[in-house]
Amino acid sequence: MTRLSAHWDKPVVLVPTMGALHAGHLALVRRARTLARRSGMVVVSIFVNPFQFGPKEDLSRYPRPLARDLRLCREAGVDLVFQPQPEDMYAPDRSVFVDEDKLSLGLCGAARPGHFRGVCTVVAKLLNLVRPDTAIFGQKDAQQLALIRRLVRDLNIPVRVVAAPTHREADGLAMSSRNAYLSFEERSEALALRRAILMGAGAIRGGERKAAKVREHMRVAFEAGTQLGRIDYLEVVDANTLAPLDVIRGDVLLPGAAFFGRTRLIDNESLRVPRGA
Ligand code: AMP
């Protein structure tokens, strides 16, 4: 197989996406442009990976506005859009998948069995196909980011993983391709997830060190902010291991997921609690 980087002696920076691009993706592309410098190559992959969707999830209705995505990529100065089809990516008799069996079990992995197996497999394949020097992932998908760092470390994949901060709507809602599914009423309550997480972070900054108390603050704040929303999880975990915490210290991640109607939204906040603070 020909590899892109073999024909290109300048940095190649990859931004993997599932398309339906929004300003959050474009912020990753801008970051990629900076890292690639003017002479390097920015590659955006657009692939709605069937193996990361559960049987009852939104694979068939996932938005695929390809012409618009290509225009946005062109306008953002992307050098190459890699847009494979499922049949290009998966042989009919495929039999090798990448499984991670620690970080992927909790949080979104608990609610979406098989999801991270699909993610790890497709990311490994995209990295093998494009062979970028650097790949950029959003902090919005914090569990995915932690897993990809682990994947790259444990399989010795020669790529630098760069995290990009979460890009938000004016009112603070994390941008997501799935926000387009929300009805007007759901959209107006969706911020309850963000508010709950910020409430948890505020309690920690205010000195709370019992994770159970912080979880309870988050739950109460969520329920006060929405009638339509349903919590999947609101957690307090170690940012590196994603293990639930009892006592809050070190690098802490507050991840949350909630349903608004059939739409599942995620968000998170990370903070550092120095020992003894
Ligand atoms: P997706 O198309 O949803 O698979 O996302 C592709 C990449 O964009 C992933 O690395 C996501 O974490 C990242 N991403 C999605 N939404 C945002 C956002 N609001 N801010 C920053 N990065 C994002």
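What is the volume of the second largest pocket? This report on a predicted model starts there, then moves on to a helix pair and a cavity.

## The second largest pocket

The answer is about 260 Å³ for the second largest pocket. Its lining takes in 14 residues, and the ones nearest the centre are Leu145, Ala146, Arg149, Ala239 and Asn240. Helix H6 supplies six residues, which is the largest share of that lining. Sorted by class, the pocket lining comes out as eight nonpolar, three polar and three charged residues.

## A look at Asn240

Asn240, one of the residues nearest the pocket centre, sits in the loop between strand E7 (237–238) and strand E8 (250–260). Set aside the neighbours within four places in sequence, and Asn240 is in contact with Leu103, Arg150 and Asp251.

Take Leu103 from that set: Asn240 and Leu103 are 137 residues apart along the chain, yet their C-alpha atoms are separated by 9.0 Å.

## H6 and its partner H5

Besides giving the second largest pocket six of its lining residues, H6 (residues 142–154) packs with helix H5 (residues 115–130). Their axes are 10 Å apart and the angle is about 55 degrees. Angles under 35 degrees count as roughly parallel and 65 to 115 as roughly perpendicular, so H5 ends up oblique to H6. As for handedness, H5 and H6 cross in a right-handed way.

Who meets whom? On the H5 side you'll find Phe116, Val119, Cys120, Val123, Ala124 and Leu127, and on the H6 side Gln143, Gln144, Leu147, Ile148, Leu151 and Val152. Go through the H5–H6 contact by class and you get 10 nonpolar residues, two polar ones and no charged ones.

## The one cavity

How many cavities of 30 Å³ or more does a search of the whole structure find? Just one turns up. The largest cavity holds about 50 Å³ of space.

Around the largest cavity are Lys140, Leu173, Ala174, Ser176, Asn179, Leu193, Leu265, Ile266 and Asp267. Strand E9 (residues 263–273) accounts for the largest share of this lining, with three residues. By class, the cavity lining splits into five nonpolar, two polar and two charged residues; Lys140 and Asp267 are among the residues that line the cavity.

Note on methods: Residues are numbered from 1 along each chain as its sequence is written. This is a predicted model: local features need pLDDT of at least 70, side-chain atom pairs count only at pLDDT 80 or more; totals for chains, interfaces and linings use all residues. Side-chain values use heavy atoms; hydrogens and water are left out. On a 1 Å grid over the protein atoms alone, a cavity is a set of points where a 1.4 Å probe fits but cannot get out, and a pocket is an open set with protein on both sides within 12 Å along at least five of seven lines; lining residues have an atom within 4 Å of a point. Grid points are joined across faces, edges and corners, and a volume is the space filled by probe spheres set on the points. Helices (H or I, at least four residues) and strands (E, at least two) are DSSP runs, numbered from the N terminus. Ala, Val, Leu, Ile, Met, Phe, Trp, Tyr, Cys and Pro count as nonpolar, Asp, Glu, Lys and Arg as charged, and the others, Gly among them, as polar. Axes are lines fitted to C-alpha atoms, for helices over the stretch in contact, and angles run from 0 to 180 degrees between N-to-C directions. Angles under 35 degrees count as roughly parallel, over 145 as roughly antiparallel, 65 to 115 as roughly perpendicular and the rest as oblique. A crossing is left-handed if the near helix is turned anticlockwise from the far one by less than a right angle, and right-handed if clockwise. Contact means heavy atoms within 4.5 Å.
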